[in-house]
Amino acid sequence: SENDVPEIDGEFNEWKDLEGVHTNQMVYGGSFNPSNADGYFIVRTDGKNLYVFADVTDDDPNINTLEPAAAWRGDGVEFFFGTDTSKHTYFKDSDVRVRIIPHSKSDIFDVGVGLNDTPVASDEIKVAAVYSEHGYKVEGKFPLSLLGGKDLRLKQKVRCDFQINDADNGKERTGLLHWNSPNDNTYSDPSSWGNGKVIPLNK
């Protein structure tokens with residue numbers, strides 16, 4: 001119902017106590033240090049939209065003004081999503097990479113979005129990013145129709161991964177973290193993503 005979906009408003013109460021995953025696979029940037037960079041991701045759906053939450057720990061959180069195709073070089077988060085669970089090593093129409101690019105510490109709705117490196121502006125996509133001294137939180141609403149997927153149903157299996165891009169000192173990316181893949185291959189190879197399943201929300 002309408003009351004069960006998160007409102008994208010920079011208030012994060014709808015995500016409280018929900019189960020998620022950590023991005024603690026250090027692809028490069030040294031060994032995993034949760035105080036330097038870490039992310040906790042939660043995904044929800046109402047069957048028509050995907051709702052994504054990321055709580056990012058970053059000891060040097062910066063805005064990112066790069067265009068989507070280059071924004072992996074600065075701070076931000078990415079998620080990878082597909083509804084085709086067959087093993088395949090190239091993007092199908094049902095696979096997508098979503099890059100979320102926080103542009104401002106004062107305007108929480110000034111957030112760039114890229115789908116497979118292409119800038120996307122749609123009234124149906126809503127994203128908010130709220131900074132703190134020790135990182136930032138992001139929540140977003142993405143219609144499944146724009147993610148290459150159709151309606152999701154209970155018990156459906158999906159493929160996904162989550163990524164933190166960490167650029168200390170506001171320069172080039174210094175750290176790359178994933179939830180599932182230990183390698184820098186998620187952007188091109190969906191077989192590196194992990195398994196997910198649509199389950200009912202605990203009341």
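In this predicted model, 35 residues line the largest pocket, and those nearest its centre are Val43, Arg44, Lys197, Val198 and Ile199. Two or more lining residues come from each of the elements β3, β5 (76-82), β11 (157-166) and β13 (194-197). The largest share belongs to β3, which gives 5 residues to the lining. The volume of this largest pocket is about 1,000 Å³. By class, its lining consists of 21 nonpolar, 7 polar and 7 charged residues.

Strand β3 is also part of a sheet. Five strands make up this open sheet, in the order β1-β3-β4-β10-β9, with antiparallel pairing. The edges are taken by β1 (21-22) and β9 (126-132); each has a single partner strand, so one side of each has no neighbour in the sheet. In general, the strands of a sheet pair through backbone hydrogen bonds. Strand β1 runs antiparallel to β3 (residues 37-45), and 2 bridges join them. Within this pair, His22 stands opposite Tyr40 in β3.

Two residues are listed below for their backbone angle phi, which is positive although neither residue is glycine.

| Residue | Phi | Place | Relative accessibility |
|---|---|---|---|
| Asp17 | near 70° | segment before β1 | 70% |
| Lys155 | near 75° | loop between β10 (135-143) and β11 | 66% |

Is Asp17 buried or exposed? Asp17 counts as exposed because its relative accessibility is 70%, and exposed means over 50%. Lys155, with a relative accessible area of 66%, is exposed as well.

Definitions and conventions:
Residues are numbered from 1 along each chain as its sequence is written. This is a predicted model: local features need pLDDT of at least 70, side-chain atom pairs count only at pLDDT 80 or more; totals for chains, interfaces and linings use all residues. Side-chain values use heavy atoms; hydrogens and water are left out. Two strands pair if DSSP finds at least two bridges between them. Helices (H or I, at least four residues) and strands (E, at least two) are DSSP runs, numbered from the N terminus. On a 1 Å grid over the protein atoms alone, a cavity is a set of points where a 1.4 Å probe fits but cannot get out, and a pocket is an open set with protein on both sides within 12 Å along at least five of seven lines; lining residues have an atom within 4 Å of a point. Grid points are joined across faces, edges and corners, and a volume is the space filled by probe spheres set on the points. Ala, Val, Leu, Ile, Met, Phe, Trp, Tyr, Cys and Pro count as nonpolar, Asp, Glu, Lys and Arg as charged, and the others, Gly among them, as polar. Buried means under 20% relative accessible area, exposed over 50%, partly exposed in between (1.4 Å probe, protein chains only).
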